[in-house]
Amino acid sequence: MPGSLITLTFNGPVWVASDMHLGPNGPATLEAFLAFLQGAAEGACALLLPGDVFDAWVGDDELDAPAPWLQEVVAGLRAAGARIPVYLAGGNRDFLMGGRLAEATGTHRLPAPALIATDAGKFLLSHGDELCTDDVEYQQFRAMVRDPQWQAQFLAQPLAARQAMARQLRERSMAEKSRKAADIMDVNQQAVEAALRAHGVTRMIHGHTHRPGRDVFEMDGRRCERWVLPDWDLDDPADPRGGWLEIDRDGPAYHDIAPER
Ligand code: LP5
Ligand code: MN
């Protein structure tokens, strides 16, 4: 039924970013993210982070003895969250973020998908992995790990064992991605249109595919837009990258993060 989602309403500029994939091995990306949080706290009325802020999140007990990089992320989110509302949603790598992380960071849970009402009108916002329906193996894996019973069993294992499994799975994922055809790892157009119709909107924003850009198409005689967020990797010497979308009354606009020289 159109409009059945809760709508989050924002007045003023909204910043949206995803797929920073923060972890122990990305000092430049971490630094850029911390600077970005400060910029958001000063320039935005709200910050929305729809998934994969973390390279992997295996449970909120990651906070029991956080490594320095994680302490910095928590403090940065907390400082931003004290000034503007910061919303976090889980992506395919950090869907196990829970209430304890939200409390430690002073952030809110972003529904997935979320309907946001901005100065430029309404957008559907999600991580985007759910739209990649041609990647059948991934969708099977996704259904398994989103099952509450699977999650309870996984979370019952020791932290170190979960971290080791996540590392293995990241390696497997990279190998699978180099094997899979590029087009099956993009969104499926029917899935995109079904999502827009289901929520009665013509515009969406998502991340996950690492293919930033705006896709304009017609559906049911109406002009539709799909805005894709960039992934961040300021530590990749061959292609340092990162950025966000700012939505003001003129609509979304891309901002690139220039790598430090
Ligand atoms: O993330 P990215 O961009 O590399 O690729 C995604 C899909 N891969 C994933 C896996 C994540 O990268 C790993 C997340 C680790 C943290 C999660 C912690 C909790 C779970 C721990 C589970 C043991 O999401 C990739 C897509 C790609 O996006 C593009 O859309 O193709 O999908 C895959 O690679 C999945 C494979 O196709 C199928 C894998 C089946 C694995 C089943 C065994 C699970 C048990 C492994 C235990 C070590
Ligand atoms: Mn992702």
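Trainee: Which helix supplies the largest share of the shell around ligand 1?

Mentor: Helix 6, with eight residues. This is a predicted model, and the shell is read from that model. Helix 4, helix 5 (148-155) and helix 6 each give at least two residues to the shell.

Trainee: What makes a residue part of that shell, and which residues are the closest to ligand 1?

Mentor: A residue qualifies if one of its heavy atoms lies within 4 Å of the ligand. By that test 23 residues surround ligand 1, and the closest are R93, D135, R170, K177 and K180.

Trainee: How is the shell around ligand 1 divided by class?

Mentor: There are 11 nonpolar, four polar and eight charged residues.

Trainee: How do you know that D135 and R170 make polar contacts with ligand 1?

Mentor: The cut-off is 3.5 Å between N or O atoms. A polar side-chain atom of D135 is 2.6 Å from an oxygen atom of ligand 1, and for R170 the corresponding distance is 2.7 Å. Both values are within 3.5 Å, so both pairs count. N92 also qualifies, because an N or O atom of its side chain is 2.8 Å from an oxygen atom of ligand 1. Taken alone, ligand 1 exposes 1000 Å², and the protein buries 89% of that.

Trainee: What makes D52, N92, H127 and H208 donors to the manganese ion (ligand 2)?

Mentor: Distance to the metal: a donor atom must be N, O or S and within 2.8 Å. The atoms concerned are OD of D52, OD1 of N92, NE2 of H127 and ND1 of H208, at 2.1 to 2.4 Å. That range is within 2.8 Å, so these atoms count as donors.

Trainee: How are the donor residues of the manganese ion (ligand 2) spaced in sequence?

Mentor: The pattern is D-x39-N-x34-H-x80-H. The two histidines, H127 and H208, are 81 residues apart and link distant parts of the chain. H127 sits in the loop between strand 7 (121-126) and helix 4 (136-145), while H208 sits in the loop between strand 8 (203-206) and strand 9 (213-219).

Trainee: Are H127 and H208 buried or exposed?

Mentor: Buried means under 20% relative accessible area. H127 has 3% and H208 has 18%, so both residues are called buried.

Trainee: Where is P113, and why is it called partly exposed?

Mentor: P113 is in the loop between strand 5 (108-109) and strand 6 (114-118). Its relative accessibility is 26%, which is between 20% and 50%, so it counts as partly exposed. P113 is 14 residues from H127 in sequence, and their C-alpha atoms are 7.7 Å apart.

Trainee: How do you know that D55 and R93 form a salt bridge?

Mentor: The rule asks for a side-chain nitrogen of Lys or Arg within 4 Å of a carboxyl oxygen of Asp or Glu. The closest N and O atoms of this pair are 2.6 Å apart, so the rule is met. D55 lies in the loop between strand 3 (46-50) and helix 2 (68-81), and R93 in the loop between strand 4 (86-89) and helix 3 (99-105), so the bridge ties together parts 38 residues apart in sequence. D55 is partly exposed at 26% relative accessibility, whereas R93 is buried at 13%.

Trainee: What makes R162 and D61 a salt bridge, and which parts does the pair tie together?

Mentor: Their closest N and O atoms are 2.7 Å apart, so they pass the 4 Å limit. R162 is in helix 6 (residues 159-179) and D61 is in the loop between strand 3 and helix 2, so the pair ties together parts 101 residues apart in sequence. R162 is buried at 2%, and D61 is partly exposed at 22%.

Trainee: Why does the contact of D186 and R211 count both as a salt bridge and as a polar contact?

Mentor: The N to O distance is 3.3 Å. That is within the 4 Å used for salt bridges and within the 3.5 Å used for polar contacts, so the pair is listed under both. D186 is buried at 18%, and R211 is partly exposed at 32%.

Trainee: How many salt bridges are there by this rule?

Mentor: The count is 19. A network of salt bridges links E137, R172, E176 and R179.

Key. Residues numbered from 1 in each chain as written. Chains lettered and ligands numbered in written order. Predicted model: local features only at pLDDT ≥ 70, side-chain atom pairs only at ≥ 80, totals over all residues. Heavy atoms only, no water. Donors = N, O, S within 2.8 Å, 3.2 Å for Na, K, Ca; no water. Helix = DSSP H or I, 4+ residues; strand = E, 2+ residues; numbered from the N terminus. Buried < 20%, exposed > 50% of the residue type's maximum accessible area, 1.4 Å probe, protein only. Polar contact = N/O pair within 3.5 Å; in protein donor to acceptor, adjacent residues only side chain to side chain. Areas by Shrake-Rupley, 256 points an atom, 1.4 Å probe, with all protein chains shown as cover. Nonpolar A, V, L, I, M, F, W, Y, C, P; charged D, E, K, R; others polar.
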